[in-house]
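Me: Could you walk me through this one, fold first and then the charged pairs?

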Amino acid sequence: MNIKPLADRVLIQPCAAEEVTMAGIIIPDSAKEKPLKGTVLAAGNGTKDEEMVVKEGDTVLYGKYAGTEIELDGEKYLIMRQSDILAVFAD
């Protein structure tokens, strides 16, 4: 992928939503809970006031309605500000 977020923005690939079935009932995509966990694919350089803390490859938690959803090559991604990220999973 050849995309580079600007300033304090990050590109995140959301983790797949868990598909829960009960007694053979398949839950449609529209009813699945939006995942709140993802992997940082690219990060900007930060701003003069805010240093970029997250880096490519970090697994992060973010708010339910954070970011802007985009679609590239049939895949869905999120672009959001670093301040919308709630936590980074420790290695």
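Reply: Happy to. Helices (H or I, at least four residues) and strands (E, at least two) are DSSP runs, numbered from the N terminus. This is a predicted model, where local features need pLDDT of at least 70, side-chain atom pairs count only at pLDDT 80 or more, and totals for chains, interfaces and linings use all residues. Residues are numbered from 1 along each chain as its sequence is written, and side-chain values use heavy atoms, with hydrogens and water left out.

Me: What pattern does the chain follow along the sequence?
Reply: The chain has zero helices and six strands. Read from start to end, that gives β-β-β-β-β-β.

Me: Which strands each supply at least two residues of the largest nonpolar core?
Reply: A nonpolar core is a set of buried Ala, Val, Leu, Ile, Met, Phe, Trp, Tyr and Cys residues joined through side-chain atoms within 4.5 Å. Buried means under 20% relative accessible area, exposed over 50%, and partly exposed in between (1.4 Å probe, protein chains only). The largest core here has twelve residues, among them Val10, Val40, Tyr62 and Leu78. The strands supplying at least two residues each are strand 1, strand 2 (37-43), strand 3 (59-62) and strand 5 (75-81).

Me: Where is Asp8 found, and is Asp8 buried or exposed?
Reply: Asp8 is in the segment before strand 1 (9-14). Contact means heavy atoms within 4.5 Å, and, leaving aside residues up to four places away in sequence, Asp8 touches Gly46, Thr47, Glu50, Met52, Met80, Arg81 and Gln82. With a relative accessible area of 6%, Asp8 is buried.

Me: Which residue forms a salt bridge with Asp8, and how many residues apart in sequence are the parts tied together?
Reply: A salt bridge is a side-chain nitrogen of Lys or Arg within 4 Å of a carboxyl oxygen of Asp or Glu. For Asp8 the partner is Arg81, with the closest N and O atoms 2.8 Å apart. Asp8 lies in the segment before strand 1 and Arg81 in strand 5, so the pair ties together parts 73 residues apart in sequence.

Me: How many salt bridges are there by this rule?
Reply: Besides Asp8 and Arg81, Asp58 pairs with Lys55, their closest N and O atoms being 3.1 Å apart. Lys76 also pairs with Glu69, at 3.9 Å between the closest N and O atoms. The count comes to three.

Me: Is Asp58 buried or exposed?
Reply: Its partner Lys55 is partly exposed, at 48% relative accessible area. Asp58 has a relative accessible area of 9%, so Asp58 is buried.
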